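Work through the exercises below with the sequence and the structure at hand. Each task is followed by a solution in steps.

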Amino acid sequence: MDLYVGQSRRHWCLHRDLLCYHTSYFQGSNGSNDNQKPGKIELLDEDPQAFELLVKWLYQGRLDDVSDMPMDKKWDYADVCQKLYILCERINMPQLKDVAIDQFRKGCNEAGLVPGPEEIKPIYATTPPHSPIRKLVSRIAARQIMDPDSSSDAGSYRLCFESSADFAIDVVAAIRQG
């Protein structure tokens, strides 16, 4: 099966049976887009690096562990794992989604960095309410807002508050929970 990913249309040729084994998204000859040619799927809104991690997991059964990476690579890897989570949400791959969120959480922690509006907005735009990754990033934001030693305050998340009422509600709920 030919897959084209991202605006750059990065091309992968993958075994259809392997894709279909892991997700029903690819069981129709065209995934969820019937306007495409048989055996060809375009995922132009997805991140090619995230899809590359999906391919690695399909063929090797694992992802690299962010703990084994040099410090200057941890945040970038965590960011790609966040995008992988969103991709897995879209194509219904819960097992890989769990691995992706674990690596995202661990990468943020080990890099000593927190997701900002650039990372949070796509999470809230593409995941359902009560999603584990929403819970994670809203708790991180709540902790940053309430920490007097943090450089992030409520204003740091203004774009997220403005674009998603769910984010605002989740952050307030996280603050109330302590």
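**Exercise 1: a loop residue**

N92 lies in the loop between helix 3 and helix 4 (94-111). The model is a predicted one. Task: state the sign of phi at N92, and decide whether N92 is buried, partly exposed or exposed.

Step 1. Phi of N92 is positive, about 60 degrees, although N92 is not a glycine.
Step 2. The relative accessibility of N92 is 47%. Partly exposed covers the range between under 20% and over 50%, so N92 counts as partly exposed.

**Exercise 2: a second loop residue**

Task: find where H130 is placed and classify its accessibility.

Step 1. H130 sits in the loop between helix 5 (117-126) and helix 6 (132-146).
Step 2. Phi of H130 is positive, near 70 degrees, and the residue is not a glycine.
Step 3. Because its relative accessibility is 80%, H130 counts as exposed.

**Exercise 3: two faces of a strand**

Task: sort the residues of strand 3 (residues 40-43) by face, then describe how strand 3 is joined to strand 1.

Step 1. In a regular strand, side chains alternate between the two sheet faces.
Step 2. In strand 3, I41 and L43 form the covered face, while K40 and E42 form the uncovered one.
Step 3. Strand 1 (residues 2-5) and strand 3 run parallel, joined by four bridges. K40 in strand 3 stands opposite D2.

**Exercise 4: the nonpolar core**

Task: name the residues that touch the most other members of the largest nonpolar core.

Step 1. This core has 54 residues, and L3, F26, F51, L54 and L84 touch the most other members.
Step 2. Helix 3 (residues 71-91) gives the largest share of this core, 11 residues.
Step 3. Leaving out residues up to four places away in sequence, L84 touches A50, L53, L54, L63, L96 and A100.

Definitions and conventions:
Residues are numbered from 1 along each chain as its sequence is written. Side-chain values use heavy atoms; hydrogens and water are left out. A nonpolar core is a set of buried Ala, Val, Leu, Ile, Met, Phe, Trp, Tyr and Cys residues joined through side-chain atoms within 4.5 Å. Buried means under 20% relative accessible area, exposed over 50%, partly exposed in between (1.4 Å probe, protein chains only). Contact means heavy atoms within 4.5 Å. Two strands pair if DSSP finds at least two bridges between them.
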